[in-house]
Amino acid sequence: MESGCSHYNDVDSEHARCIIHIDVDCFYAQVEMVRNPELRSVPLGVQQKNIVVTSNYEARKYGVQKCMLVTDALKVCPNLKLINGEDLHNYRTASNKIFAVLQCWKCPVEKLGMDENFIDVTNLVQEKMKSANISNVTLAGHAYSEPSIDCPCGCHTRLKVTSQIANEMRKKIYEDLSFTTCAGIAHNKLLAKLICPQNKPNDQTTIFPEHGTSFMSTLESVRSIPSIGSKTTEALISNNIVTVSDLQQASIDVLKKHFSSDMAVRLKELSLGEDNTPVKQTGKPQSIGLEDSFKIVSVRSEVEDKFTALLQRLMVLVREDGRIPVSLRVTLRKKDAKRLSSHRESRQSQISPSIFTLSSGALTITETGQQKLMSIIMRLFNKLIDLTKPFHLTLVGLAFTKFQERMTGRGSIVNYLMNDISVQSVLNLQNECDTSSSPMDYSAVSPSSSTTTDLSDAEVEPSPKKPKKVTWIAKRRCLSKEEVASPSKLKVGELRLNSKELEKVSELRLNSRDRSLTPRASPAKDNLSDTSDTMRDCEEQNCDDCPSYVDKEVFSALPDEMQKELKAMWKNPSSSEMPRSSPRTTNKAKPNTIMKYFVPHK
DNA sequence: CCGCTATCCC
DNA sequence: GGGATAG
């Protein structure tokens, strides 16, 4: 190191992180101007229903504000050019492009709505500071306030480097996509977001940690703090806490009287400009849903029609998403004289992935699959409505809320096997108490990930609503001829492998099936073979390294690497990786998940 | 203000 | 499962 090395870099400091918040200027209006550059020079408003949801800066000169009534906007700006913005498709596309550009920096990017993104560039800044001489790095854009004190942790330098990165990002968004943006640079999300609009449009602002608290106190209402909404504001105001400054000075004990302890602490921290929430990489949504509101629906058949229509639309979205849903939620809002606003009720249930099919890689659903889903939906509906009384609904909603975990492919051979096996087990779990001949009783089927929990819950602490004690029996199922012959049409429940992996597994299963079928003459039972064959086969397949429950032939067909990994695991089960969803246990009475799925219950 | 979609927290 | 929050 050289001369005045005052650039101490304390990565454990409270100011350790480097966060950028990027906000696209008047997003909808810019999308329209990019589409049609002639609009750039005229006052432009984007209209939804009867309101101007946003306007370009040309229109703002005349006083056209966000969410203004069209009539009022035209009064202040008779030349206002209006474009209908009710179709969000173009906006979504533009939003995704911006998100994609930001991903180029290989840092976590969190999307917030269509026009905002957080980026955590902490690691990138560290790298830059290691490789380049940053002793006299300059700030890009504005500072909220010039750094005065010399923060010993080195955050000033880091944030200056961050401001340079933010500048590069905005430059690339402009060069690639022609969108101007604002950015806020800070050591946390709260300050980055709040400082972002300080220099609008098309500019960026950095705030240094030492100014966090004083900046926050410039905010008039507690409501301007993200995560403090109308309800929390009400509660605070009723305690005479109106401004952020009030909140800064409020006693924590007073806050704890009206909020949970965690919430009280969090409110206080926010008021001081402190926020340790991480930037979470945005990925696929955790739920995909639709809802439909209306004046009144009081007839069951109409409800069914609404759900059928929703399901129809929802399937398009799920198909586009590509993942296989395993849980379904039904929501409704009852007509309520008291609370007209959103008081929703919902019920959800697991669904069998085998309802869906994969044909040549695309997720589809058969007619009978739709019928199965509808019967689940109506069963959930019945749980929500007392059918002996009249009902009055003002909204119904449908959402898929859980999805089959993606095969990460490489990395985990245990997952490779587990996913496959666990799904198989689920498909073949049967409730002993179930006397019906129906092959699928949805109320009884548990998802792979929660089978263990459900079982123990049922044994240890039966819920009063489900008093009957259940016993699960695992059976191995053979593939039908059609399924083997045409793997692309296999039930989705058995297919969570990519095509290469699929080929392998199909092959293994085919072998396994041939072997179990040829020696014995029991062709009558096809799909659901009984357990005895399997159990005996397992006993016959004993080998030195494999437990008795492992099919030797299947095992030996696995790649050497996989065999090794499995053997290692069997030698020392507790130290081996387990699937995320199944916490391992040291309790011998409670077998680990792998055992659970391999060992047939007696 | 309300409709809609999604997430997080209790 | 329900409420609060965001956009």
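**Group meeting: chain A and its two DNA strands**

In chain A, 67% of the contacts with a separation of 6 or more are between residues 24 or more positions apart, where a contact means heavy atoms within 4.5 Å. This is a predicted model, in which local features need pLDDT of at least 70, side-chain atom pairs count only at pLDDT 80 or more, and totals for chains, interfaces and linings use all residues. Residues are numbered from 1 along each chain as its sequence is written, chains are lettered from A and ligands numbered from 1 in the order in which they are written, and side-chain values use heavy atoms, with hydrogens and water left out.

Chain A has 22 helices and 18 strands. These are DSSP runs, helices being H or I with at least four residues and strands E with at least two, numbered from the N terminus. Of its 602 residues, 45% count as buried, that is, under 20% relative accessible area; exposed is over 50%, and partly exposed is in between, with a 1.4 Å probe and protein chains only.

I will start with one strand, E9. It covers residues 181-186, and 6 of the 6 are buried, so the rest of the structure largely encloses E9. In a regular strand, side chains alternate between the two faces of the sheet. In E9 both faces are covered: Thr181, Ala183 and Ile185 are buried on one side, and Cys182, Gly184 and Ala186 on the other.

Which strands pair with E9? Strand E1, residues 19-24, pairs with E9 in the antiparallel sense over 6 bridges; two strands pair if DSSP finds at least two bridges between them. Ile185 of E9 is the bridge partner of Ile20. Strand E10, residues 204-206, runs parallel to E9 and is joined to it by 3 bridges. There, Gly184 stands opposite Thr205.

Together with helix H7, residues 189-195, strands E9 and E10 make a left-handed β-α-β unit. For reference, a crossover is right-handed if, with the strands pointing away from the viewer, the path from the first strand over the helix to the second runs clockwise.

The loop between E9 and H7 holds His187. Is His187 buried or exposed? It is buried, with a relative accessible area of 9%. Leaving out residues up to four places away in sequence, His187 touches Glu14, His15, Arg17, Ile19, Leu159 and Pro209.

Now the DNA, beginning with strand B. The residues around DNA strand B include Ser260, Lys280, Gln286, Ser287 and Glu291; near means that a heavy atom of the residue lies within 4 Å. Of the strand B atoms within 4 Å of the protein, 95% belong to sugar or phosphate and the rest to bases. A backbone N or O atom of Glu291 is 2.6 Å from a phosphate oxygen of DNA strand B. For a polar backbone atom of Gln286, the distance to a phosphate oxygen of this strand is 3.1 Å.

DNA strand C has 19 residues around it, and Lys193, Ser227, Lys231, Thr232 and Ser346 come nearest. Of its atoms within 4 Å of the protein, 100% belong to sugar or phosphate. A side-chain N or O atom of Thr232 lies 2.2 Å from a phosphate oxygen of DNA strand C. Helix H9 (230-237) and strand E13 (344-350) are the elements that give two or more residues to the surface near this strand. The largest share, 5 residues, comes from E13.

Terms used: A polar contact is a pair of N or O atoms within 3.5 Å; within protein, one must be able to donate a hydrogen and the other to accept it, and residues adjacent in sequence count only if both atoms are side-chain atoms.
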